[in-house]
Amino acid sequence: MEARTVQGTQVVGRVANLLRLVGGRPSGASTARLVRESGLTRPTAHRILTSLAAEGLLDVDRTTGNWVLGAEVFLLGATAAARFPFEELARPSLRRLAEESGESAFYSILRGTESVCLLREEGSFPIRSFVLREGVRFPLGVASAGTAMLAFIPEEQQEALLGRWPEHAGEFAAGHTEEVVRRQLAETRLRGYSVNPGLVLEGSWGMGAAVFDSHGSPVGAVSFTGIEPRFRGDRQALLGRLLMEEAHRISLRLPGR
């Protein structure tokens with residue numbers, strides 16, 4: 001009985017991981033890519049993917065052949081959205097940030113050891129960075145929102161991640177070395193906001209400020225992304241102030257305040 005329980009738990013984990021991998025890309029993902037990123041064998045991955053498609057949770061894009069999220073995911077998400085009023089809580093702040101700065105503004109949440117982007121508001125500046133979009137996940141401490149949140153979680157939790165940093169950061173470990181991340185965390189605590197100087201993608205900068213719950217724990221972050229020249233010099237202080245003001249507004253509106 002215990003062996004069957006463990007096996008069933010593994011299947012659930014594999015299903016959830018494949019759904020996250022597919023959902024992390026608007027254009028979907030090929031079977032080969034999902035096999036590579038999930039670590040599953042091709043027969044196992046294909047069996048799970050086809051089962052999810054039969055249930056309407058996945059579909060196949062007829063043009064690209066990629067696996068994409070299915071209609072059932074939309075229906076489940078629409079139902080769940082009522083429990084998580086992020087649109088109501090964060091959208092007004094994102095609109096103000098985009099209007100006042102001209103940059104693209106985002107709201108991400110802390111989910112386990114990842115930051116997950118939920119909302120985006122485009123700014124008026126015509127050149128944009130496409131590193132961040134709805135559904136994108138980064139290991140906590142990677143990119144500006146994740147750095148802003150990691151900087152303010154308890155020290156023992158920080159060290160648990162930093163102690164296995166290459167494993168945690170994965171493909172981002174080369175640009176986000178442990179030394180660089182530790183320095184960024186210290187600077188974020190001093191300033192109150194994070195700055196990511198093109199570490200995810202060269203030339204694409206980001207800044208973020210954490211949103212806190214009633215216990216003072218980071219649960220989300222507002223952030224900007226854009227091209228490097230828009231984040232230089234004195235403008236950093238202006239953007240940082242805007243981010244912290246709106247992060248504070250969202251914090252005050254969270255349930256439980």
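**Legends to the close-up views**

Of the 257 residues in the protein, 43% are buried. The model shown in every view is predicted.

**View 1. The whole chain has ten helices and eight strands.** Along the principal axes, the C-alpha atoms fill a box of roughly 55 × 40 × 40 Å. The radius of gyration is 19 Å, which agrees with the value near 18 Å for a compact globule of 257 residues. Among the contacts with a separation of 6 or more, 55% are between residues 24 or more positions apart.

**View 2. The surface of the protein has an accessible area of about 13600 Å².** Carbon and sulfur atoms account for 54% of this accessible surface. The protein carries 30 positive and 29 negative charges. The mean position of the positive charges and that of the negative charges are 3 Å apart.

**View 3. Strand S8 covers residues 218–227 and is mostly covered.** How many of the ten residues of S8 are buried? Eight of the ten are. Strand S8 pairs with strand S3 and also with strand S7. In a regular strand, side chains alternate between the two faces of the sheet.

**View 4. Strand S3, residues 104–111, runs antiparallel to S8.** Six bridges join S3 to S8. One bridge partner to look for is Ser 223 in S8, which is paired with Phe 106.

**View 5. Strand S7, residues 204–212, pairs with S8 in the antiparallel sense.** Nine bridges link S7 and S8. Within this pair, Val 222 in S8 stands opposite Ala 209.

**View 6. Strands S7 and S8 form a hairpin with five residues between the strands.** Which residue of this hairpin takes a positive phi near 80°? The residue is Gly 216.

**View 7. Ala 143 has a positive phi, near 70°, although Ala 143 is not a glycine.** Ala 143 lies in helix H6, which spans residues 143–150. Is Ala 143 buried or exposed? Ala 143 counts as buried because its relative accessibility is 12%, and the cut-off for buried is under 20%.

How values were computed:
Residues numbered from 1 in each chain as written. Heavy atoms only, no water. Helix = DSSP H or I, 4+ residues; strand = E, 2+ residues; numbered from the N terminus. Rg over C-alpha atoms; globule rule 2.2 N^0.38 Å. Buried < 20%, exposed > 50% of the residue type's maximum accessible area, 1.4 Å probe, protein only. Contact = heavy atoms within 4.5 Å. Areas by Shrake-Rupley, 256 points an atom, 1.4 Å probe, with all protein chains shown as cover. Lys, Arg positive; Asp, Glu negative; His and termini not counted. Charge placed at Lys NZ, Arg CZ, Asp CG, Glu CD. Pairing = 2+ DSSP bridges.
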